[in-house]
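Hi,

Here is the structure I promised to pass on to you. Please have a look at it first, and then read my notes underneath.

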Amino acid sequence: MAKTIVVKQIGSPIRRPAVQRETLKGLGLNKMNRTRELEDTPAIRGMVAKISHLVEIIEERG
């Protein structure tokens with residue numbers, strides 16, 4: 001079974017650079033308090049780190 005992480009959006013993309021908005025969309029988040037279970041890969045971790053002020057990792061599974 002692959003490792004996964006649960007990511008929750010805690011910040012609004014309003015008045016943020018377009019790159020940060022696109023990163024949120026890439027993670028499958030677009031509205032406040034949405035959560036997604038994503039595969040724990042270096043690419044996903046990098047995206048989360050890039051917008052760490054807008055998201056939080058709730059849980060690590062696997």
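Below is what I found, starting with the charged pairs and ending with the nonpolar core. Please keep in mind that this is a predicted model.

**Salt bridges**

The structure contains five salt bridges. As a reminder, side chains of opposite charge can pair when their charged atoms come close. I will go through three of the pairs here.

Let me begin with Glu 22 and Lys 25, whose closest N and O atoms are 3.7 Å apart. Both residues belong to helix H1, which covers residues 18–26, and they are three residues apart, about one turn of the helix. Are these two partners buried or exposed? Glu 22 is partly exposed, at 48% relative accessible area, while Lys 25 has 55% relative accessibility and counts as exposed.

The next pair is Arg 61 with Glu 37, where the closest N and O atoms are 2.8 Å apart. Arg 61 sits in strand S3 (residues 55–61) and Glu 37 in strand S2 (residues 35–39), so this salt bridge ties together parts that are 24 residues apart in sequence. Arg 61 is partly exposed, with a relative accessible area of 33%. Glu 37 is partly exposed too, with a value of 46%.

Then there is the salt bridge between the side chains of Asp 40 and Arg 45, with an N to O distance of 2.7 Å. Asp 40 counts as partly exposed at 25% relative accessibility, and Arg 45 is partly exposed with a relative accessible area of 28%. Turning from pairs to networks, Glu 37, Glu 59 and Arg 61 are joined into one network by salt bridges that share partners.

**The nonpolar core**

In soluble globular proteins, nonpolar side chains tend to be buried together. Which residues make up the largest nonpolar core here? It has eleven residues: Ile 5, Val 7, Leu 24, Leu 27, Leu 29, Leu 38, Ile 44, Val 48, Ile 51, Leu 54 and Val 55. Strand S1 (4–9) and helix H2 (42–50) each contribute at least two residues to this core.

One core member you might like to click on is Ile 51. Leaving aside residues up to four places away in sequence, Ile 51 touches Gln 20, Thr 23, Leu 24 and Leu 27. Of these contacts, Leu 24 and Leu 27 are also listed in the core.

Happy to talk any of this through whenever it suits you.

Best wishes

Notes: Residues are numbered from 1 along each chain as its sequence is written. This is a predicted model: local features need pLDDT of at least 70, side-chain atom pairs count only at pLDDT 80 or more; totals for chains, interfaces and linings use all residues. Side-chain values use heavy atoms; hydrogens and water are left out. A salt bridge is a side-chain nitrogen of Lys or Arg within 4 Å of a carboxyl oxygen of Asp or Glu. Helices (H or I, at least four residues) and strands (E, at least two) are DSSP runs, numbered from the N terminus. Buried means under 20% relative accessible area, exposed over 50%, partly exposed in between (1.4 Å probe, protein chains only). A nonpolar core is a set of buried Ala, Val, Leu, Ile, Met, Phe, Trp, Tyr and Cys residues joined through side-chain atoms within 4.5 Å. Contact means heavy atoms within 4.5 Å.
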